[in-house]
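Me: Please take one part of this protein and examine it closely for a first-year student. I should like to know what surrounds the chosen residue, and then how its setting relates to the rest of the chain.

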Amino acid sequence: QVSELLTSAYSAANNATICELSSDNFVDNNAPDAQGVYYNLAPQDRWHNEIFAWKDIVTAGDNQDSPSFIWDGLYYAIAVANNALEIVKQFEDAGRGNEVSMQKGEALLCRAYNHFVLVNIFSKAYRNDELSKQDVGIPYVTEPEITTFVDYDRTNVAEVYRQIEADLLAGLPLIRDSYNVPKYHFNTRAAHAFAARFYLFKRDYDKVIEHANIVLGASPEAMMRDWSVDTPTALAVGQWYVDATASNNLLLIATGSWFARVFGARYACNGDASKATIYGIGPTWDEYNFHPCYDSRLFFRVEQEYGLYFLKNYEFFEYTDKIAGIGYGHIVRAEFTAEETLLCRAEAYLFLNRIDLAVADLKVMDDSRKVIKDQTTGEKIPERNLTEALIRSFYTGASNGIFRNNIHTTEISPDFVVTDAQKPILDCVLHYRRLETIFDGMRWFDVKRYGIEFTRKIGTGVVDVLKWDDPRRALQLPPEVIVAGLNPNERLRLDQNTTNLDVHKANVSYIIPTVKEK
């Protein structure tokens, strides 16, 4: 029964919409490009205008994919984990704790991960134990609720990370792979992949390598995704990407989401965003408009000029009434993959100045995506091999300004010290992370933790810059949460009538503003 309960400790909320729209993976199709071209397109939902402009989201309500939906979904999953741990404690008090040790480990990992996602969305990025004590965190809930209203303390980011680490370390030794479908639970490899990601964000690089090594073993190339698989239809792409038998997929989470319907509307992976990701060149594929592994796997809705997308976020629709054509949209997230863990390790190697090992990991991932074949013989065509010299040439070359503009590390948080020798390798790491995690929301987390600055054009008249220390990097809490008593995040607002920026700090008696149509 505890095991069945824990299936709900994985949040059904999908943060891809709010994180991708916040990041530089999306542009406004209604903003003129370099040639002055723009489109008169409507957003899929009105509140997308608010999230894209880094404003407080006040028109979304609890709609699916909204901040309220994300907040409620994650804390619901945490509540499930806490109730499971309460039952585990009853077993332990009766001297039967060994019977539920695996369930205890899973509950602790779920509680830790759900808080990890929350703090990275609604708080500033972790910097270090001292600086992050100054940044407001999120409530870390460790007990089941037994009263209707509970006063929670938002504490600070450093304390939240301390509690995440405590749960992580307590749960890791208890994790086993004895599940009917291990890939939908925190199995051993998925748990250590989470540990590698956590310590990467915490900048504890030796521990990143320690946990990544457990995941990847002696032959990481054997764990990479097989891009040579034939995927003739959109459904085939979606099923292939989240295949529970694939060695690269470590943890899959089924969510309720309409994210797949965002594409083809006002906000899209288009223009510079697409050129820096799925429709752009790279160090070993600079003779193509897109990485060859995406051949026949890029889609568009309505018109291609409105933007492209890679259908890793295929919508599996659940009909509640087939005649009426209504139901629920589901997206299965590949929450942890061997590729992302490999890139965590490459980044850790880089900051430990083990550049040769960082490049070796990048080459493993690059090799896994080589799928060009001779159309007559069917044999793989040799491609350019990724080397340190090639990385340095490509990411510093005068002809590749698009990467300095979109995968740059020039304007970043001063908390990161990046040497001239490290910079091109880091550009490559961030580029490959962006490709691997696109449409998952992870790029927003990378933008936050590095303090990457970028400029956003909104409509025909607004240009906004997200500075490395911009408070808007911490998304605002849902309005109903603020009304209930939690202090809101400080926001930096763009005055709609001028180009001046002014700091605004809301108080606890938050009033939801009236939305006025222009």
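Reply:
**T231 and its surroundings**

T231 is buried, since its relative accessible area is 5% and the limit for that word is under 20%. Everything described here belongs to a predicted model, not to an experimental one. The residue is located in the loop that runs between α8 and α9 (234–241). Setting aside residues up to four places away in sequence, T231 touches A236, V237, W240, S296 and R297. A separate distance concerns Y241: this residue and T231 are 10 residues apart in sequence, and their C-alpha atoms are 9.8 Å apart in space.

Two of the residues that touch T231, W240 and R297, also meet each other through a charge and a ring. The charged end of R297 sits over the ring of W240, at 4.3 Å from the ring centre. A second arginine is placed over that ring as well: the charged end of R225 is 5.2 Å from the centre of the W240 ring.

W240 also leads to F310. With residues up to four places away in sequence not counted, F310 touches W227, V237, W240, Y241, I278, Y294, R297, L298 and F439. V237, W240 and R297 are thus found among the contacts of F310 and among those of T231. F310 is one of the residues that touch the most other members of the largest nonpolar core, a set of 142 residues; the others named with it are F186, F194, L362 and F439. The helix that gives the most to this core is α5 (residues 101–122), with 12 residues. In soluble globular proteins, nonpolar side chains tend to be buried together.

**The helix before the loop**

The loop of T231 begins after α8, and this helix can be checked by a simple calculation. Helix α8 covers residues 205–216, which is 12 residues, and at 1.5 Å a residue the expected span is 16 Å; the C-alpha atoms at its ends are 16 Å apart, so the two values agree. The expected span is 1.5 Å times one less than the number of residues, because the calculation counts steps from one residue to the next.

Which residues of α8 are buried? They are Y205, V208, I209, H211, A212, V215 and L216. An α-helix has 3.6 residues a turn, so residues three or four places apart point the same way. The cover over the buried residues of α8 includes α7 (188–202), β2 (249–256) and α11 (338–351). Just after the helix comes G217, whose phi is positive, near 65°.

**Aromatic rings elsewhere**

Aromatic side chains recur in this account, and a search of the whole structure finds 44 aromatic pairs. One of them joins F198 and Y199 edge-to-face, with the centres 5.1 Å apart and 75° between the planes. F198 is buried, as its relative accessible area is 0%, and Y199 is buried at 1%. Another edge-to-face pair is made by F259 and F263, with 5.2 Å between the centres and 65° between the planes. F259, at 1% relative accessibility, counts as buried, and so does F263, at 4%.

F198 and Y199 also belong to one aromatic cluster, whose members include F186, F194, F201 and F336. F186 and F194 were named above among the residues that touch the most other members of the largest nonpolar core.

**A buried arginine in another helix**

Helix α5, already mentioned for its share of the core, also holds R111. Although arginine carries a charged end, R111 is buried, with a relative accessible area of 8%. Apart from neighbours within four places in sequence, R111 is in contact with I78, A81, N82, L85, Y140, V141, T142 and D167.

A81 lies in helix α4 (residues 67–93) and is buried, with a relative accessible area of 0%. Its contacts, again without neighbours within four places, are L6, A9, A107 and R111. A81 and S8 are 73 residues apart along the chain, and 8.3 Å separates their C-alpha atoms.

**The whole chain**

The protein has 17 helices and 11 strands. Of its 518 residues, 57% count as buried, and T231 is a buried residue too. Among contacts between residues at least 6 apart in sequence, 70% join residues at least 24 apart.

Notes
Residues are numbered from 1 along each chain as its sequence is written. This is a predicted model: local features need pLDDT of at least 70, side-chain atom pairs count only at pLDDT 80 or more; totals for chains, interfaces and linings use all residues. Side-chain values use heavy atoms; hydrogens and water are left out. Helices (H or I, at least four residues) and strands (E, at least two) are DSSP runs, numbered from the N terminus. Buried means under 20% relative accessible area, exposed over 50%, partly exposed in between (1.4 Å probe, protein chains only). Contact means heavy atoms within 4.5 Å. A nonpolar core is a set of buried Ala, Val, Leu, Ile, Met, Phe, Trp, Tyr and Cys residues joined through side-chain atoms within 4.5 Å. Rings of Phe, Tyr and Trp (its six-membered ring) pair if their centres lie within 6.5 Å; planes under 30 degrees apart count as stacked, over 60 as edge-to-face and the rest as tilted. A charge sits over a ring if NZ of Lys or CZ of Arg is within 6 Å of the ring centre and within 35 degrees of the ring normal.
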